[in-house]
Structures are given as C-alpha cells and as structure tokens.
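Let's take a walk through this structure. Have the sequence and the 3D view ready, and we'll look at the sheets first and the helices after that.

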Amino acid sequence: MSNKKILMITGDFTEDYETMVPFQALMSVGHTVHAVCPDKKSGDSVATAIHDFEGDQTYTEKPGHRFSLNATFADIKVEDYDALVIPGGRAPEYLRLNKAVVAMVKHFFAANKPVAAVCHGAQLLAAAGVLEGRKCSAYPACQPEVELAKGEFMDIPVDQAVTDGNLVTAPAWPAHPAWLAQFYVLLAK
C-alpha cells in the first residue's frame with residue numbers, strides 16, 4: 001500500500017476513539033493524515049467525547065482527550081488529498097452547516113476518491129448530497145438522515161462495516177477492525 005495523503009475533517013466533541021484510532025492507525029501503516037477543523041489551525045485542539053454502550057436507550061457520553069490538529073483548515077486544498085475520513089460524535093451535526101466542509105466532501109465523491117465515515121459521520125454525507133443510491137451504515141439514530149438523502153441504510157452489527165464503491169461506513173467505533181480493513185482495500189486501489 002503506497003503512502004496516501006488523507007484528510008480528516010473533525011470538530012469539537014468528535015467521538016474520541018473514532019478520531020484518535022483511525023488517525024493513529026492510518027499513520028502507523030505509512031499514510032500522511034492531516035486533521036483539520038473549521039476556524040482552527042495546526043496546533044489547536046478539539047474536545048472529544050467518549051461514547052459508550054452501557055445498556056441505555058442510546059450511548060452515554062463522557063469527556064474524552066484533547067485531540068491536536070496537525071493542519072490548518074483555511075490552508076487545505078482538497079485536490080491535494082487522496083482520501084477522506086469523517087469521524088462521528090457530535091461534530092458532524094454542526095460541520096454539515098459549513099459550506100466549505102460540504103464542498104470538500106462533495107469533491108471526494110466527484111473525484112471518486114476513497115471516503116471512510118463512521119457513526120454520525122453519515123450526517124455530513126447526507127448534507128453533502130452524496131448518499132443517493134448508496135449503501136451506508138451509521139449510528140442507528142442517523143437512519144432517517146441516510147434515507148432522506150436517498151441512501152440505503154444498512155442495519156449491520158456494531159462491529160461490522162460496509163463498502164459501496166469508494167465509500168466505507170460503519171455504525172460506531174467497535175467496527176474499527178472491519179472499517180479500517182475495508183478502507184485499506186480502497187486505499188490500495
């Protein structure tokens with residue numbers, strides 16, 4: 001697998017594991033990953049939240065680590081990147097309101113570049129209008145957004161992932177082994 005340049009778009013209260021694990025895992029196999037957030041620059045950080053599944057009707061949320069950004073959002077040129085990662089958590093709910101972020105997401109689909117989104121990352125995909133006719137997994141509460149965006153919501157086990165063309169998605173962080181493995185396949189093409 002050759003070294004790819006990967007963009008990760010994140011923000012405050014991104015899910016801790018869904019940000020830290022792919023960021024580190026992708027770098028550990030030789031990829032360059034630039035993590036950015038609108039209105040922030042390299043060296044700034046975002047707050048993360050740890051979402052856990054403890055038997056309640058939805059996940060619980062606890063404070064996570066600070067995650068340091070290593071690139072400046074305003075300096076990003078999406079055409080310089082080979083792939084995109086969209087972590088979940090609460091960040092996608094407000095990132096989808098940012099026109100520059102939505103345009104970035106659209107670029108990766110228009111150029112048929114690999115995209116990996118997990119959990120609530122589907123909210124950003126839906127807002128970008130890139131799910132029509134595509135299979136997409138996400139946290140179950142995002143099913144209405146996927147379907148309103150004319151995507152096919154894939155109700156799969158929390159530790160599984162699904163690939164449809166250039167897009168790999170998963171319900172939540174327990175799917176990291178499957179999600180990352182499928183993303184590595186896309187990156188190798």
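Here is a short tour of the sheets, the helices that pack on them, and one helix pair.

First, some ground rules. This is a predicted model, where local features need pLDDT of at least 70 and side-chain atom pairs count only at pLDDT 80 or more, while totals for chains, interfaces and linings use all residues. Residues are numbered from 1 along each chain as its sequence is written, and side-chain values use heavy atoms, with hydrogens and water left out.

The UniProt record, an unreviewed entry, annotates residues 4–182 as "domain: DJ-1/PfpI"; such annotations may be inferred rather than shown by experiment. Over that stretch the chain is 28% helix and 27% strand. Helices (H or I, at least four residues) and strands (E, at least two) are DSSP runs, numbered from the N terminus.

Now the sheets. Two strands pair if DSSP finds at least two bridges between them. One open sheet has 6 strands in the order S3-S1-S6-S7-S11-S10, with mixed pairing. Strands S3 (32–36) and S10 (162–164) sit at its edges with a single partner strand each, so one side of each has no neighbour in the sheet. From one strand to the next, the twist averages 20°. Another open sheet, also of mixed pairing, has 3 strands in the order S2-S4-S5. Its edges are S2 (14–15) and S5 (60–68).

Here are two parallel pairs:

| Strands | Sense | Bridges |
|---|---|---|
| S7 (residues 115–118) and S11 (residues 167–170) | parallel | 4 bridges |
| S2 and S4 (residues 45–52) | parallel | 2 bridges |

In the S7 pair, Ala-116 stands opposite Val-168 of S11. Helix H4 (residues 121–128) packs on this sheet and touches S6 (83–86), S7 and S11; contact means heavy atoms within 4.5 Å. On the S2 side, Glu-15 has Ala-49 in S4 as its bridge partner. H1 lies across S2, S4 and S5, at about 35° to S5. Such angles run from 0 to 180 degrees between N-to-C directions, with axes fitted to C-alpha atoms, for helices over the stretch in contact.

How does H1 (residues 16–28) pack with H6 (residues 176–188), and at what angle? The angle is about 45° and the axes are 12 Å apart. The two helices are therefore oblique to each other (under 35 degrees counts as roughly parallel, over 145 as roughly antiparallel, 65 to 115 as roughly perpendicular, and the rest as oblique). Among the residues that meet are Tyr-17 and Leu-26 in H1, and Trp-179 and Phe-183 in H6.
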